[in-house]
Every structure is written in structure tokens, then in C-alpha cells.
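Happy to walk through this one with you. Have a look at the model first, and then we can go over the reasons behind some of its labels.

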Amino acid sequence: MFRQSKPPAGMRASAIVLGSFDGVHLGHQALLAKAKALADRDGLAAVAITFRQHPLSVLCPDRAPALLSTGDERARLMQAMGMDGVVELEFTPALAGTQPEEFIRWICSMLPVRHVVVGYNYTFGFQGQGDASLLERLAGALGFTCHVVPPVALEGGAVSSSRIRACLAEGDTLAAGRLLGRPYGLGGVIEQGKQLGRRLGFPTLNIDFPTEKAVPSAGVYTGWVSYGGVVVPAVTNIGTNPTVESGRRMRLETHTLEETPLGYGDRAQAWFGERLRGECRFASVEALQAQVLSDKETARAWGRTHRLGQLWPGAVIP
């Protein structure tokens with residue numbers, strides 16, 4: 001699979017799918033599956049075309065949402081969904097000013113397009129003036145067929161990135177995972193912390209996660225840690241550690257419930273299950289220690305009956 005800012009030279013005829021794909025949630029997966037099915041049927045390449053950055057991060061940075069997936073995560077998920085390539089366009093003010101028809105003609109000039117797949121609410125071009133109806137009108141003149149995928153409904157509403165972000169803000173990580181089709185995760189390099197957990201008898205992995213990603217509401221969560229294809233149960237705290245620290249930076253500390261070889265400089269991913277409690281300040285370190293012990297035993301019991309593969313059978317873990 002290629003992942004670059006434009007298709008490689010000599011790209012064969014393609015079924016393309018357009019969108020932002022932040023999170024590659026169940027709704028996005030329906031779009032990707034449609035493009036893949038069309039490509040397989042007609043012997044075409046399946047190509048996702050998206051933007052490298054969220055448009056609002058360029059047009060109005062103060063309103064840009066936290067991301068559900070990094071570019072690397074998004075590309076790996078798309079590859080797992082059968083995409084032959086991902087084109088990540090650089091979103092610029094000049095591109096934002098492109099008229100909708102001009103934008104689609106530009107896309108079609110980069111590679112031979114036979115099918116275009118979009119979601120029911122997809123907009124494009126200057127001020128989002130282009131929509132699925134315009135694509136359908138352009139299809140004949142530009143030599144492609146347009147396929148508009150309806151919303152994927154789950155638990156009383158359409159699956160969307162904004163809905164998932166709202167679930168995370170409420171600490172409902174299980175609901176976010178159901179909408180994503182896999183648990184929500186934060187990953188990165190393990191860095192050295194203050195080793196308070198080790199002194200309390202609960203050594204933790206301090207994971208330096210990307211600052212642009214959405215963070216669940218502060219608190220303690222059941223879940224898992226993955227590394228090198230291995231998944232182990234864990235209990236994870238995300239917050240500012242108000243009992244022992246005065247800083248405001250959100251930190252992710254996870255205690256694995258099984259032995260692992262992980263150490264400083266290794267990469268690991270924490271996956272969120274269910275929220276056990278919110279973040280709070282304890283009267284003493286001893287009170288904190290007692291609560292952490294209780295959290296650990298609760299998470300261990302939860303993990304016996306909630307396995308990642310059972311909650312999300314066949315889920316792709318990027």
C-alpha cells in the first residue's frame with residue numbers, strides 16, 4: 001500500500017473514497033468497504049483520499065477538534081480495510097478556496113477515477129458548497145459513477161467522530177469503542193516518571209501519547225495494553241495526579257496485570273475498557289494506595305469476563 005501526498009505515476013484505474021476518516025469508525029468502515037467491493041468487482045485499485053490535517057486546524061485552529069486517530073493509525077486501519085493506497089492531501093488556505101467542481105476535476109486529473117464513494121453528509125470545496133448531489137451531477141461528464149453511502153446507525157443515532165469525542169469527554173469509553181468498532185486507545189513511547197507507583201507497589205508504564213489526540217475524561221479505567229502483537233489486561237489512570245502533583249498536564253499511567261518485558265523507550269498502546277471512577281484528590285498517600293489496590297482488583301475481575309477479542313471480535317488494532 002502506498003501512502004503519500006499524491007498517487008504514484010501510472011496509477012491504474014481506481015475506485016476512490018473521499019472523507020476525513022478521523023477514527024476510521026463504523027461509518028467510515030462502511031465507506032471503505034463499499035470502495036473495496038467496487039474495486040474487487042471491476043479489477044480496480046481501491047484508494048482513499050483524505051487530508052493530512054483536519055481542515056479546521058488550518059482555517060480556525062481554536063475550533064479544531066482533538067483527533068481520534070493519528071495519520072499513522074488511520075493509514076494502518078485503512079490498509080487493514082483493503083485499501084491499496086491512501087492519498088493525504090495537504091490542506092491549505094488556497095485549497096480551501098477551490099470551487100467544488102474544480103476540486104473534483106483536480107482529483108480526476110491525478111488518477112483515472114471509475115467510482116467515487118462518499119458519505120451522505122460529505123461536503124467539499126469552497127465553504128463546503130459541494131455535496132453528494134453535485135458529485136452525482138458531475139459523474140457523467142467526468143466518467144465516473146457516484147456512490148453515496150447512508151449513515152450507519154447505532155444505539156439511537158448516526159455514528160460520527162463528534163459523537164465519539166462526546167463519549168470520551170463523558171468517560172464512556174465503552175460506548176466510544178462500540179462506535180469505533182474497537183476500543184479507543186492512546187499509545188506512544190514509555191518514558192520515565194516519578195516512580196511513585198513503584199514505591200506504592202504498583203509499578204506503572206508512563207506512556208507519552210500524542211498531544212493532538214482526544215483524551216477520555218480523567219479517571220481510572222479497565223482495559224488492556226498491547227505491544228508487539230501481545231495484548232495483556234491492565235488498569236489505566238489518565239489525569240493530572242492531584243494527590244501528588246500540582247501540574248495540569250494530562251498523564252497516562254497504566255499498570256499491567258500480567259508481567260511484560262516493557263521498559264523505557266519501548267512503544268506500547270493503552271486501550272480503554274470501562275471507567276471505574278473519576279479523578280480525585282486523596283487525603284494521604286496511604287489512602288491513595290488503598291484505592292489503587294481496590295482499582296487493581298476490580299480491573300482484574302472485570303478482565304476475566306471482558307476480553308478484548310470477545311467485546312470486539314475481529315477488530316483491527318492499529
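What follows is a short set of questions and answers on this predicted model.

Q: Why is the contact between Glu73 and Lys213 called a salt bridge?
A: The closest N and O atoms of Glu73 and Lys213 are 3.1 Å apart. The cut-off is within 4 Å between a side-chain nitrogen of Lys or Arg and a carboxyl oxygen of Asp or Glu, so the pair qualifies.

Q: What makes this pair a tie between parts of the chain?
A: Glu73 sits in helix α3 and Lys213 in the loop between β10 and β11, so the salt bridge ties together parts that are 140 residues apart in sequence.

Q: How do you know whether Glu73 and Lys213 are buried or exposed?
A: Glu73 has a relative accessible area of 7%, and Lys213 has 3%. Buried means under 20%, so Glu73 is buried and so is Lys213.

Q: Why does the pair Arg277 and Asp295 count as a salt bridge?
A: Their side chains meet at 2.8 Å, N to O, and the limit is within 4 Å, so the label fits. Arg277 belongs to strand β14 and Asp295 to helix α10, so this pair joins parts 18 residues apart in sequence.

Q: Is Arg277 buried or exposed?
A: Its relative accessible area is 18%; with buried set at under 20%, Arg277 is therefore buried.

Q: How does helix α10 lie relative to the strands?
A: Helix α10 lies across β11, β12, β13 and β14, running at about 105 degrees to β14.

Technical notes
Residues numbered from 1 in each chain as written. Predicted model: local features only at pLDDT ≥ 70, side-chain atom pairs only at ≥ 80, totals over all residues. Heavy atoms only, no water. Contact = heavy atoms within 4.5 Å. Axes fitted to C-alpha atoms, helices over the stretch in contact; angles between N-to-C directions. Helix = DSSP H or I, 4+ residues; strand = E, 2+ residues; numbered from the N terminus. Buried < 20%, exposed > 50% of the residue type's maximum accessible area, 1.4 Å probe, protein only.
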